[in-house]
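User: Could you take a close look at one part of this protein for me, the pairing inside its sheet, and then walk outward from there to the rest of the fold?

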Amino acid sequence: MKILSLFDGISCGRVALERADIPVERYVAYEIDKYAKAISAKNYPDIEQCGDVFDGDFTQYKGFDLLIGGSPCTYWSIAKNNRETTCEGEGYKLFMQYVRALRESGCRWFLYENNYSIHQNIKDAISDELGVQPIMINSSLVSAQTRKRCYWTNIPNIEQPADRGVLLKDIIESGESFLQKAYALTTRCSGAIPSDTLKRHRHTMIAEPVMYQRPRGKNEGGIKEGKAPTVTSHSYEHNNLVVEPIPLNTTADGKAKCLRAGYGTKDGIRNMVGNNYDRRTCVAIPSDDVALKQKQIYKVESGQIDIKGKLYPIKLADGYYIIRKLLPIECERLQTLPEGYTEGVSDAQRIKALGNGWTVEVIAHILKHIKEVKS
């Protein structure tokens with residue numbers, strides 16, 4: 001098949017085509033982010049990179065089979081202050097480039113994706129332009145994250161994928177999680193700051209809760225498994241935090257390597273506490289004494305965590321904890337990408353690229369139906 005991909009990012013669509021066992025004759029991509037393009041080129045050097053969608057002459061792709069893409073939801077996201085709710089902003093201009101590509105190329109099949117949280121006015125306008133109604137699929141069915149997305153496609157007979165039962169504890173490198181799913185990887189929007197998470201539910205921060213285990217095999221807490229919140233693309237600023245339990249007889253001294261300057265040490269930790277804690281996730285992991293000397297340690301007692309002498313409510317069993325961020329490899333697993341797929345750029349850029357990407361297994365589930373029609 002010949003594929004035209006707009007807003008291609010790190011070419012998750014190409015991975016999905018492989019998973020769906022659909023051979024690719026040509027794959028033409030429009031993308032402007034240099035880090036995303038670098039990741040794409042590392043994995044698929046044969047992809048034809050063409051740059052900005054506004055500069056595209058899509059008539060040259062007549063005879064192509066499939067148009068895929070999801071224009072940036074930055075302007076439409078519920079996490080953005082004063083988000084666009086009509087068809088008169090930059091977000092809609094970007095979407096209309098997809099419409100233009102569809103009309104100029106005449107692709108037989110199309111698949112367009114965007115955030116479930118965009119305003120209904122926008123959803124209706126997209127449906128009018130593409131002539132189909134959206135299908136909402138939650139990535140939680142095929143991955144360890146809760147990620148609701150709308151898919152507009154003329155590929156027929158799309159049903160909900162079967163629940164594979166993948167939990168957060170299945171994808172973290174170490175520790176035990178009592179939340180079942182992480183919140184979806186998303187891009188950070190302008191105006192979304194860590195304090196919004198606690199005050200206005202405007203920005204998702206990550207903490208992976210786990211059942212704390214005391215030494216000598218004695219369990220405490222008995223917290224049940226549940227869903228973990230969305231992983232965000234800016235996990236290396238204030239997001240994607242993980243809690244590691246420390247044996248109670250360990251001294252609580254030292255600084256955390258994983259909470260360096262610029263990572264929002266104080267605010268980042270506070271993002272997993274308070275009344276909004278259920279919207280975040282944390283992971284608890286045993287650690288040895290040598291490692292503890294280089295990490296900041298926090299005490300949890302009677303459902304409260306001590307942060308610089310102030311107590312905040314938190315759903316962790318009594319004990320001492322360190323905090324870490326979700327690793328890029330863990331975020332790759334959340335997006336059901338091959339491990340190491342985004343290697344070659346900085347960790348910050350890896351997280352951003354993953355947040356902008358697709359959950360590959362969802363896209364593969366949709367694209368498989370093309371084979372059924374062709375057969």
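Analyst: Tyr-112 faces Trp-152 of β8 across the strand pairing. In this predicted model, that pair belongs to the ladder between β5 and β8, two strands that run antiparallel and are joined by five bridges. As background, strands of a sheet pair through backbone hydrogen bonds, in either a parallel or an antiparallel manner.

Now step back to the sheet itself. It is an open sheet of seven strands, in the order β3-β2-β1-β4-β5-β8-β6, and its pairing is mixed. The edges are held by β3 (48–49) and β6 (135–138); each has a single partner strand, so one side of each has no neighbour in the sheet. In that order β5 sits between β4 and β8.

Just ahead of β5 comes a residue worth a stop. Cys-107 is found in the loop that links α3 to β5. Its relative accessible area is 7%, under the 20% limit, so Cys-107 is buried. Leaving aside residues up to four places away in sequence, Cys-107 is in contact with Phe-64, Asp-65, Leu-66, Leu-67 and Leu-102. Lys-62 gives a long-range reference point here: 45 residues separate Lys-62 from Cys-107 in sequence, while their C-alpha atoms are 7.0 Å apart.

Moving along the sheet to β2 (residues 26–30), we meet Ala-29. Ala-29 is buried because its relative accessibility is 0%. The contacts of Ala-29, again without residues up to four places away in sequence, are Ser-5, Asp-8, Ile-47, Glu-48, Gln-49, Cys-50 and Gly-51. Two of these, Glu-48 and Gln-49, are the residues of the edge strand β3 (48–49). Asp-52 lies 23 residues from Ala-29 in sequence, and the two C-alpha atoms are 9.6 Å apart.

Several of the elements already mentioned come back around the largest pocket, which holds about 820 Å³ of space. It is lined by 41 residues, and those closest to its centre are Phe-7, Glu-31, Gly-70, Pro-72 and Asn-356. Two or more lining residues come from each of β1 (2–6), α1 (12–19), α2 (34–43), α3 (90–105), β5 (109–115) and α9 (347–355). Helix α9 gives the largest share, with four residues. By type, the lining splits into 16 nonpolar, 16 polar and nine charged residues. Note that β5, the strand paired with β8, is among the contributors to this lining.

One of the other contributors, α1, deserves a look of its own. This helix is mostly covered, with six of its eight residues buried: Cys-12, Gly-13, Arg-14, Val-15, Ala-16 and Leu-17. In general, an α-helix has 3.6 residues a turn, so residues three or four places apart point the same way. After α1 comes Asp-21, which has a positive phi near 60 degrees.

Positive phi values turn up elsewhere too, so let's follow them. Asn-157 is not a glycine, yet its phi is positive, near 65 degrees. This residue is in the loop that runs from β8 (148–153) to β9 (182–186), beyond the strand that carries Trp-152. Asn-157 is exposed because its relative accessibility is 58%, over the 50% limit. Ser-302 is likewise no glycine and has a positive phi of about 55 degrees. Its place is the loop between β13 (298–301) and β14, where a relative accessible area of 63% makes Ser-302 exposed.

That loop leads into a neat pair of strands. β14 (residues 304–307) and β15 (residues 310–313) run antiparallel and are joined by four bridges. Ile-307 has Lys-310 of β15 as its bridge partner. Together the two strands make a hairpin with two residues between them, and Lys-308 in the turn has a positive phi of about 55 degrees.

Finally, here is how these parts sit in the whole. The protein contains ten helices and 16 strands, and 56% of its 375 residues are buried. Of the contacts with a separation of 6 or more, 75% are between residues 24 or more positions apart; the pair Cys-107 and Phe-64 is one example of a contact between distant stretches of the chain. The protein exposes about 15,900 Å², and 46% of that comes from carbon and sulfur atoms.

Key: Residues are numbered from 1 along each chain as its sequence is written. This is a predicted model: local features need pLDDT of at least 70, side-chain atom pairs count only at pLDDT 80 or more; totals for chains, interfaces and linings use all residues. Side-chain values use heavy atoms; hydrogens and water are left out. Buried means under 20% relative accessible area, exposed over 50%, partly exposed in between (1.4 Å probe, protein chains only). Contact means heavy atoms within 4.5 Å. Accessible areas come from the Shrake-Rupley method with a 1.4 Å probe; for residues, only the protein chains shown count as cover. Two strands pair if DSSP finds at least two bridges between them. On a 1 Å grid over the protein atoms alone, a cavity is a set of points where a 1.4 Å probe fits but cannot get out, and a pocket is an open set with protein on both sides within 12 Å along at least five of seven lines; lining residues have an atom within 4 Å of a point. Grid points are joined across faces, edges and corners, and a volume is the space filled by probe spheres set on the points. Ala, Val, Leu, Ile, Met, Phe, Trp, Tyr, Cys and Pro count as nonpolar, Asp, Glu, Lys and Arg as charged, and the others, Gly among them, as polar.
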